[in-house]
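Got your viewer open and a selection box ready? Here is a short tour, one pick at a time.

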Amino acid sequence: MVDEDLTILHQVKLYTSDLNEWSHSPVVLNEGVLLYCLSGEAKLQVNFEQWCLTTDSVIILFPGDVVLAEASGGFSARLLCYDTAMLREASLQMEHTVYSLLRVDRCRGDKPIVSAIVKNMMNLLQVFFSEPNCQCLDQLVLLQLKAFFLGFSDFLKRNPQRRPQELGSDRVNGLFSEFMRMVAEHYREQRDVAFYASGLHISPKYLGQIVNRKTGRNPKTIIDHYVIVQLKLQLRTSRITIKELAWLYHFTDTSFFCRYFKSHTGLSPQEYRKSGAAN
């Protein structure tokens with residue numbers, strides 16, 4: 001349940017949530033999110049990896065991430081949301097390797113300094129969000145995000161998180177993160193595993209091993225799942241025709257598109273849209 005006093009201005013918003021909006025079915029984010037856990041516990045699946053959130057946990061989410069939440073009754077979190085343009089500008093000075101590291105090492109609950117920084121940052125921003133007609137929210141959030149990303153990336157360099165060995169080496173984690181980034185960028189025109197393996201400069205077989213190790217699934221399943229989540233969103237929230245949707249997603253024809261959608265959902269695109277399905 002989202003607070004009724006949700007404050008939105010242009011690129012940014014700050015609000016408290018129990019993550020119910022992410023609990024019904026996987027959601028593809030179209031914005032960046034910095035989440036601070038106020039109370040309770042939740043399991044947050046991000047790109048098919050599971051993270052455990054407890055009080056004072058901090059997690060960074062990126063545009064294109066697929067999220068699904070399972071929260072306890074007393075769970076509450078503070079979310080700072082910002083669009084892709086602001087994320088790009090805030091992280092402009094970060095090296096690509098550091099940006100990739102943030103995607104892999106995105107959750108912190110074990111270091112009080114990270115929790116304290118984010119908590120104080122959100123408390124400060126809340127003061128400005130509460131001011132009627134504040135004209136500088138975008139600039140304030142941008143400056144805070146720049147400071148956070150620079151500080152957090154420096155923290156990660158100095159304090160690499162020791163995650164369980166079964167989750168894989170830095171190379172495996174990095175390749176999986178890059179695979180998911182590529183899927184988020186190319187899902188409309190590419191559903192071929194070989195395309196993504198080539199982009200990562202590895203074999204499809206090795207990509208399959210990496211994805212299976214991280215998620216228990218194969219790359220094709222991940223790609224198709226991402227496409228279907230996006231298609232469901234389009235069908236629920238837009239008036240685009242089925243034919244236009246097939247063209248937008250580079251299907252050879254409408255019939256093939258309808259067969260593809262039904263094979264993964266049990267419903268044709270027309271049936272799904274007519275039913276108003278929310279799953």
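Before the first click, one cut-off: a residue is called exposed over 50% relative accessible area and buried under 20%, with partly exposed in between. Keep in mind, too, that you are looking at a predicted model.

**Whole chain.** Start zoomed out. The chain has 11 helices and 10 strands. Colour by burial and you'll find that 48% of the 279 residues are buried. The accessible surface adds up to about 14100 Å², with carbon and sulfur atoms accounting for 52% of that. For a contact map, take the pairs at least 6 apart in sequence: 70% of those contacts link residues at least 24 apart.

**Select 112-129 and 137-158.** These are helices α3 and α4, whose axes come within 11 Å and cross at roughly 175°. With angles over 145 degrees counting as roughly antiparallel, that makes α3 roughly antiparallel to α4. Now show side chains. On the α3 side, the contact is made by Ile-113, Val-114, Val-118, Met-121, Leu-124, Leu-125, Phe-128 and Phe-129. Facing them from α4 are Leu-137, Leu-140, Val-141, Gln-144, Phe-148, Phe-152 and Phe-155. What classes of residue does this contact have? By class, 14 are nonpolar, one is polar and none is charged.

**Select Asn-133.** Stay with the same pair of helices and click into the loop between α3 and α4, where Asn-133 sits. Is Asn-133 buried or exposed? At a relative accessible area of 69%, Asn-133 is exposed, because that value is over the 50% cut-off. Check its backbone as well: phi is near 60°, a positive value in a residue other than glycine. As background, most residues other than glycine have a negative phi.

**Select Phe-48.** Here is another positive phi in a residue other than glycine, with a value near 75°. Phe-48 is in the loop between β5 (42-46) and β6. Its relative accessible area is 9%, so Phe-48 is buried.

**Select Glu-49.** Step one residue along and you're in strand β6, which covers residues 49-53. Glu-49 has 11% relative accessibility and therefore counts as buried. Which side chain does the side chain of Glu-49 make a polar contact with? Bring up Lys-214: the two side chains make a polar contact at 2.8 Å.

**Select Ser-76.** Jump to strand β9, residues 76-82, which holds Ser-76. With a relative accessible area of 17%, Ser-76 is buried. Leave out residues up to four places away in sequence, and Ser-76 touches Thr-16, Ser-17, Cys-37, Leu-38 and Ser-39. Show those five as sticks to see what surrounds Ser-76.

**Select Ile-242.** The last stop is in helix α9, residues 242-248. Ile-242 is buried, since its relative accessibility is 12%. Draw a C-alpha to C-alpha distance to Phe-257 and you should get 8.7 Å, for a pair 15 residues apart in sequence. Phe-257 is also one of the contacts of Ile-242 beyond its neighbours within four places in sequence. The others to pick are Leu-235, Thr-254, Cys-258, Pro-269, Gln-270 and Arg-273.

How values were computed: Residues are numbered from 1 along each chain as its sequence is written. This is a predicted model: local features need pLDDT of at least 70, side-chain atom pairs count only at pLDDT 80 or more; totals for chains, interfaces and linings use all residues. Side-chain values use heavy atoms; hydrogens and water are left out. Axes are lines fitted to C-alpha atoms, for helices over the stretch in contact, and angles run from 0 to 180 degrees between N-to-C directions. Helices (H or I, at least four residues) and strands (E, at least two) are DSSP runs, numbered from the N terminus. Angles under 35 degrees count as roughly parallel, over 145 as roughly antiparallel, 65 to 115 as roughly perpendicular and the rest as oblique. Contact means heavy atoms within 4.5 Å. Ala, Val, Leu, Ile, Met, Phe, Trp, Tyr, Cys and Pro count as nonpolar, Asp, Glu, Lys and Arg as charged, and the others, Gly among them, as polar. Buried means under 20% relative accessible area, exposed over 50%, partly exposed in between (1.4 Å probe, protein chains only). Accessible areas come from the Shrake-Rupley method with a 1.4 Å probe; for residues, only the protein chains shown count as cover. A polar contact is a pair of N or O atoms within 3.5 Å; within protein, one must be able to donate a hydrogen and the other to accept it, and residues adjacent in sequence count only if both atoms are side-chain atoms.
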